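I opened this notebook to keep track of two topics, strand pairing and salt bridges. The entries follow the order in which I looked things up.

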Amino acid sequence: MSVVFFPCRQRGPDIRSCLTASLDLTYFELVSERFFSAELPLIGVPFRPQARSPPHFLSPARLDVSSPCDPECHKKAPRPSYWDLRRLLAYETLHSDGQLTETAVGLYGYDPSPYTSPADSAPPSVKAERSRVRRKRQIFGHDGRFSIAGQNYLLKYPFSVAVKLSTGCSGTLVGDRHVLTAAHCVHDGKNYVKGAQKLRVGFLKTKQRDMKFQWIRAKRTHVPKGWIKGNANDIGMDYDYALLELKKPHKRRHMKLGVSPPAQRLPGRRVHFSGFDNDRPGKLVYRFCRAGEETSDLLYQHCDAKPGASGSGVYARMWDGRRQRWERKVIGVFSGHQWVERQGASQEFNVAVRITPLKYAQICYWIKGNFVDCREG
């Protein structure tokens with residue numbers, strides 16, 4: 001399913017008058033006649049940004065996230081309405097000069113049915129298997145992580161797409177100058193964290209015996225309003241993602257975005273990610289594991305991880321029907337370790353935010369700067 005952002009709810013000829021009033025004419029003329037006749041499930045484009053008060057950058061970044069809501073709690077949450085989604089998918093942009101803007105969005109052709117959790121329609125035996133919760137901390141039993149060593153591997157795709165943020169998190173290259181990470185790495189839910197204004201992204205340098213980084217400053221940081229408290233729902237975490245735009249291209253291969261499929265459709269039901277876990281300083285750490293329980297917005301799994309790995313792009317091998325080949329695509333963002341209290345007992349998970357069709361459209365728009373190129377995920 002492909003989706004794009006769009007400020008108008010009208011169909012047919014009414015779209016034209018709405019777009020002409022909403023967008024610059026030169027931008028509008030780039031959109032082909034055929035695009036408007038297509039029946040896309042969801043369409044949208046941001047409105048012009050509005051200036052907001054500069055942030056304060058008060059608190060250090062937290063490398064873990066907690067939530068009072070477990071998977072069953074998430075599944076019971078009401079589906080977001082059209083107006084809820086507009087509010088949650090609006091976003092803030094932090095500029096490197098300290099200016100802050102907010103952009104409202106609109107949706108077109110919204111159909112709530114895709115937001116039904118795939119887990120809700122799974123066979124009972126599958127649901128029962130996914131409901132078993134292992135009660136250990138971020139390492140579940142035997143530590144299944146691999147430290148990647150040697151330039152032949154560290155700088156080879158897909159490991160080369162992993163980057164380190166100056167706030168202590170990890171990130172993934174998803175464009176020529178764009179990095180996908182977790183929102184909590186730059187924003188604590190109330191304000192932007194220390195270091196967010198002068199955020200830097202570290203790339204492993206070539207031909208170095210010890211792990212050293214080449215740093216590039218971030219030019220802009222986009223954070224969805226769904227992450228910011230006062231706008232998000234009480235369960236949080238669903239919108240724990242952010243996109244960084246670098247001041248210059250990084251000149252490395254990046255990984256494409258993809259819409260997260262139901263876990264049972266993943267090859268081997270496996271997910272993978274690499275990051276800079278803080279218990280292994282100077283190491284890039286790779287892991288893979290079986291995808292577990294899921295909701296419409298979150299994927300629970302027991303991939304071994306430690307703080308520092310949060311913000312890593314969770315990827316899977318996806319079949320590209322048009323090119324007739326398998327391709328790795330980022331389908332989520334590793335949010336971190338989550339613990340909840342349930343009936344007096346602690347339950348623990350490692351959680352990734354799934355890239356839904358709407359989130360794909362939003363992130364793709366941030367990268368591409370237009371909605372025409374964001375119609376396939």
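Entry 1, strand pairing. I count two strands as paired if DSSP finds at least two bridges between them. I also note at the outset that I am reading a predicted model. With that criterion in hand I looked up strand E5 (residues 162-165) and strand E6 (residues 170-175), and I found them paired in the antiparallel sense over three bridges. Taking one residue of E5 as an example, I traced Lys 164 to its bridge partner in E6, which is Ser 170. The two strands form a hairpin with four residues between them, and in the turn I noted Gly 168, whose phi is positive at about 110 degrees.

Entry 2, another partner of E5. I then checked strand E8 (residues 200-204), which pairs with E5 in the antiparallel sense over two bridges. Here the residue I followed was Leu 165, and its bridge partner in E8 is Val 201. I add as a general reminder that side chains in a regular strand alternate between the two faces of the sheet.

Entry 3, salt bridges around Lys 225. Turning to charged side chains, I recorded a count of 10 salt bridges. One of them joins Glu 92 to Lys 225, with the closest N and O atoms 3.1 Å apart. Glu 92 sits in strand E2 (residues 91-95) and Lys 225 in the loop between strand E9 (213-224) and strand E10 (242-246), and this pair links distant parts of the chain, 133 residues apart. Are these two residues buried or exposed? Glu 92 has a relative accessible area of 8% and Lys 225 one of 7%; because buried means under 20%, I enter Glu 92 as buried and Lys 225 as buried too.

Lys 225 also meets Glu 102 in a salt bridge, at 3.3 Å from N to O. Since Glu 102 belongs to strand E3 (residues 100-103) while Lys 225 lies in the loop between E9 and E10, this pair ties together parts that are 123 residues apart in sequence. I noted that Lys 225 and Glu 102 are both buried.

Entry 4, Arg 323 and the network. I next looked up the salt bridge between Arg 323 and Asp 320, whose closest N and O atoms are 2.7 Å apart. In this pair Asp 320 counts as buried at 8% relative accessibility, whereas Arg 323, at 35%, counts as partly exposed. Finally, I asked which residues are joined into one network by salt bridges that share partners. The network I wrote down consists of Arg 52, Glu 92, Glu 102 and Lys 225.

Technical notes. Residues numbered from 1 in each chain as written. Predicted model: local features only at pLDDT ≥ 70, side-chain atom pairs only at ≥ 80, totals over all residues. Heavy atoms only, no water. Buried < 20%, exposed > 50% of the residue type's maximum accessible area, 1.4 Å probe, protein only.
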